[in-house]
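Colleague: Could you take a close look at one part of this model with me, namely its nonpolar inside? I'm new to this, so please explain the terms as you go.

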Amino acid sequence: MDPAAILDHQFVTAAYIITWTLQLGYLAWLGLKWRAEKRAAARRTHHAR
Amino acid sequence: MKKFAIGLYVAVTLALMVWGFYQAIYVAPEDAMQGEIYRIIFYHVPSASVAFLFFAISLAGSIGFLSFRRGHAEWAQISDAWALAGAEVGVVFCTVVLITGPIWGRRAWGIWWTWDARLTTTLVLWLIYVSYLLLRRFAAGPQVQTLAAALGIFGALDVPIVYMSNRWWRTQHPAPVFGGSEGSGMAKVMVHPFLWNMLAWLAWGLLILALRYHVERQHQQNAAAEAQEALESA
């Protein structure tokens, strides 16, 4: 296989992996933040009782 | 019913992402000039489009906050939540653009970066919205939302400049593929994979945006309740 084509393939793979790492990483952070906010709300409701 | 609708939307979005990936890698043919490397377009351009859309949502939210803050406190908070969600998710997509672009550029132009108008204005756009997020994260006091709204409006002014930059100035970045001069465009066999990926990234972006909005609304409600409790205990 042409070395330039191999390099192209590696660059495309890197771009796709980085994109998904960023997107899923952000989604995971958002999930954690959501859980923390929900827990804070539940704690407050519990204390109010 | 609401849970079912959300589940359905998530399922459709995931299916679109898988389908978009399949189209980008297995259906779209190699480009005659650039070979395999052009496939970055299926992530790079949709990410830029979605980032622009979300910065526009942030602009609308910022204007809404400034309009409602004196008379409609609840509407102002809703607008502010949209402004923050649009800015933050927009930064995520803009980061993807600023990373995938140089990867593509290294193979296509032989360089990772150049200070041409398109690249520089995109970097400035990213920096403005990162400043917006830092302001919201670290500044304190009653004026933070107002200051952030003003910054959000100024930041959005860069979006049309980024969009028009490779029309107004001669740039290393290619001329517009869509809506450009005569002869611009994409081969038909590549257009369908491109549109599938546009749709997939838009669906994904809206999902994340909605989640970010709900997290911020929950945060606002928690903060308001805490403030109320502090007042009552004082």
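Modeller: Here is a walk from the chains to the core, then out to a few single residues. What you see is a predicted model, so local features need pLDDT of at least 70 and side-chain atom pairs count only at pLDDT 80 or more, while totals for chains, interfaces and linings use all residues. Residues are numbered from 1 along each chain as its sequence is written, with chains lettered from A and ligands numbered from 1 in the order in which they are written.

Let's start with the chains. Chain B has seven helices and zero strands (helices are DSSP runs of H or I with at least four residues, strands are E runs of at least two, and the numbering starts at the N terminus). Along the sequence that reads α-α-α-α-α-α-α. Its C-alpha atoms fill a box of roughly 70 × 45 × 25 Å along the principal axes. Of the 234 residues in chain B, 36% are buried (20 or more other C-beta atoms within 10 Å of its own make a residue buried, 12 or fewer make it exposed, and anything in between is partly exposed, with C-beta atoms placed from the backbone). Chain A has one helix and zero strands, and its C-alpha atoms sit in a box of roughly 70 × 10 × 5 Å. Of its 49 residues, 14% count as buried.

How do the two chains meet? 23 residues of chain A are in contact with 23 residues of chain B (a contact means C-beta atoms, placed from the backbone, within 7 Å). Chain A's side of that meeting is made of 15 nonpolar, three polar and five charged residues (Ala, Val, Leu, Ile, Met, Phe, Trp, Tyr, Cys and Pro are nonpolar, Asp, Glu, Lys and Arg are charged, and the others, Gly among them, are polar).

Now for the inside you asked about. The largest nonpolar core has 53 residues, and Ile40(B), Ala51(B), Phe54(B), Phe93(B), Cys94(B) and Tyr129(B) have the most contacts inside it (a nonpolar core is a set of buried Ala, Val, Leu, Ile, Met, Phe, Trp, Tyr and Cys residues joined through C-beta atoms within 7 Å). Both chains chip in: helix H1 (3-48) of chain A and helices H2 (41-68), H3 (73-108), H4 (117-138), H5 (144-156), H6 (158-168) and H7 (188-233) of chain B each supply at least two residues of this core. H3(B) gives the largest share, 16 residues.

Cys94(B) is a handy place to zoom in. Skipping neighbours within four places in sequence, Cys94(B) is in contact with Ala51(B), Leu125(B), Trp126(B) and Tyr129(B). Cys94(B) is also among the H3(B) residues that touch H4(B), and Leu125(B), Trp126(B) and Tyr129(B) are among their partners on H4(B).

So how do those helices pack? H3(B) and H4(B) lie at an angle of about 140°, their axes 9 Å apart (axes are lines fitted to C-alpha atoms, for helices over the stretch in contact, and angles between N-to-C directions run from 0 to 180 degrees). That angle makes H3(B) oblique to H4(B) (under 35 degrees is roughly parallel, over 145 roughly antiparallel, 65 to 115 roughly perpendicular, and the rest oblique). The residues of the contact divide into 13 nonpolar, three polar and two charged.

Next door, H4(B) and H5(B) pack at about 175° with axes 10 Å apart, and are therefore roughly antiparallel. Leu125(B) and Tyr129(B) turn up in this contact too, facing an H5(B) set that includes Leu147(B) and Leu151(B). Here the split is nine nonpolar, three polar and one charged.

Finally, three residues to compare. Ala76(B), in helix H3 of chain B, counts as buried because it has 21 C-beta neighbours inside 10 Å. Beyond four places in sequence, Ala76(B) touches Phe65(B), Phe68(B) and Arg69(B). Ala203(B), in helix H7 of chain B, is partly exposed, with 19 other C-beta atoms within 10 Å. Outside that same four-place window, Ala203(B) is in contact with Val12(B), Thr13(B) and Leu16(B). Arg39(A), in helix H1 of chain A, is exposed, with 11 such atoms within 10 Å.

Methods: Two residues are in contact if their C-beta atoms, placed from the backbone, lie within 7 Å.
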